[in-house]
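Biologist: I would like a close look at a single part of this protein. Please keep the terms plain and explain each one once.

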Amino acid sequence: MNAHDITLEELIDFSEGLISLKGRRLLLHDIHAFAHLRKDLVNMVGLDMTRQTMTRFGYFWGHADAAAVKRIVNMDSMTEWLKAGARMNTLHGVAKSIVNKIDINEKTGSFYMEVQFYQSAEADEHLIGLGKTDHPVCWMIAGYLTGYATFCFGQNIFFLENQCIGKGDHICTAVGKDEKSWGEEIKPHLRFFQGEDVKSKIIILSEELKKKNLELLRNRRKISRLERIKKPFYVEVKSKAFMDVIDLANRIAPFDSSVLITGETGVGKEVLARYIHSMSHRNEKSFLAINCGALPETLAESELFGHKAGSFTGAIHDRVGLFEQASKGTIFLDEIGDVTQSIQIKILRVLQEREIMRVGESFSRKVDVRIIAATNKNLEQAIADEEFRDDLYYRLSVIEIHIPPLRQRKEDILPLARYFVKRMSHKLKMPNLKLDPSCLQFLFGYQWPGNVRELENVIERASILSVNGIITPDNLPSQIINTTQLPKHLTDPLHCTLEQAEKEHIINVMNLVDGNKTKASQILGISPTTLWRKLNSIDLTGKELSGKD
């Protein structure tokens, strides 16, 4: 990033009662009030002490701005970082500062920089409060440039003003050099720059600001998420991976931008699309879903865009396509990677021009519809293979949401299983339907290649096969039972006490949930306090229990 790319709108936040530079509070002040402050300082402590005070004030300010620029933006070079100091001076309204020349050598420590500043507010302040003088008076600006350059360059740099409108010059100019290059000339002025170690304090403050800004950003996201959510997601979400998906869906739902949802078969792409629609301003209008992969090529165009009567054999009546039917609502194009090149071109036209043309017609019709597409294919590879248009991909993926497979978010298996059990209870009219805890080790241990859809089918099958409404492991498919690693039995069932069996069950559950006591207590149907008491009463070895939280 270059210095001239820094803008006031992006850098400084304005709100009633608070002006801030990305977390660092700023303050506007009146030039006349500052003129009287300068006058009072001169009368109370003298000209030299006033100059030192204003120079140190500017020095601290320059240090802080140099740290802020480093923290907020990534400058292309040391030269651009230094130029940004003059740019910041301009944005603050201190003066319109322009860098005329920079000649630096970081290896040798040689530094030379010339700055011109027009309309100096500091010179105006001095003229208002004390009148015209015979010496430069932009002490604060000289201090600012000194502090800024010193922070950037990592060694003492000193700026001295040689022209000033406060003493009748047309413009104000200043030159900055390293101490060695100044030589004897700088010695009479050093006392005005002396003070406590500001840089170390600025670095500490900058790091603290970073932490506070991150915390503030997290809090803002939480608040924003709470403000956006009108209703919870259909299923309780436990995993961070899927919570991030829902958070992104909440953030983009209010906008009409196209969305591309990617992920393996069965992860719930259509469910997420419906959720986005339900959270949008289009939620009272239609949500139409179509599986592009299931459409014969001969019918796809008519199905999506409609046709005119007589346009082909069998077209007896005019037909309204799905894009028109979804007017003011949302259309979901599932398996978008399977559509032909000709259909891709027509969908691209909808995205670009917001219009369609029915088969057999010669005029376009405007449509107002949000498009959400989904695929389990690698579209970037399809583009490389010239099977999918890159321009359509870029139009569809304004926002891209990837749903991770179920095996990567196993925390969601239990709430999903419970959700499907509840659904099957209503669907199959089995009010007492329950999932026995002994099933959980198999559900957690399976890799779920079919993802959420496979889990739903498994729960439906198990519900139908259950006895007395209790789903047990023998109701689960053989591939789940046979591929799941069972916990090793610690005791012989025919020669163990109830206490030993309880110990074995607690150990198995704790190992399956990686020592998470909260999850374990939920599975066991006891309170965390009871589980804690039982664990304390069990004589465990390090090999028996894999981990504790």
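Which residues have the most contacts inside the largest nonpolar core, and how many residues does that core have?

Modeller: This is a predicted model, in which local features need pLDDT of at least 70 and side-chain atom pairs count only at pLDDT 80 or more, while totals for chains, interfaces and linings use all residues. Residues are numbered from 1 along each chain as its sequence is written, and side-chain values use heavy atoms, with hydrogens and water left out.

A nonpolar core is a set of buried Ala, Val, Leu, Ile, Met, Phe, Trp, Tyr and Cys residues joined through side-chain atoms within 4.5 Å. Buried means under 20% relative accessible area, exposed means over 50%, and partly exposed lies in between (1.4 Å probe, protein chains only). The largest nonpolar core has 46 residues, and those with the most contacts inside it are Val69, Trp81, Phe111, Phe117, Tyr148 and Phe159. Several elements give two or more residues to this core, including helix 3 (47-72), helix 4 (78-91), strand 5 (110-118), helix 6 (139-153) and strand 6 (157-163). Helices (H or I, at least four residues) and strands (E, at least two) are DSSP runs, numbered from the N terminus. Helix 6 supplies the largest share of the core, 10 residues.

Take Tyr148 as an example. Leaving aside residues up to four places away in sequence, Tyr148 touches Gly62, His63, Asp65, Ala66, Val69, Trp81, Leu82, Ala84 and Gly85. Contact here means heavy atoms within 4.5 Å. Apart from this core lies another, of 37 residues, among them Leu440, Phe444, Val458 and Ile523.

Helix 2 (31-45) also gives two or more residues to the largest core. Met44 lies in helix 2, yet Met44 counts as exposed because its relative accessibility is 63%.

For the wider setting, the protein has 23 helices and 18 strands. Of its 549 residues, 45% count as buried. Among contacts between residues at least 6 apart in sequence, 68% join residues at least 24 apart.

One buried residue outside the helices and strands is Ser258, found in the loop between helix 10 (240-252) and strand 8 (259-262). Ser258 counts as buried because its relative accessibility is 5%. Not counting residues up to four places away in sequence, Ser258 touches Leu351, Arg354, Ile371, Arg395, Leu396, Val398 and Ile399.
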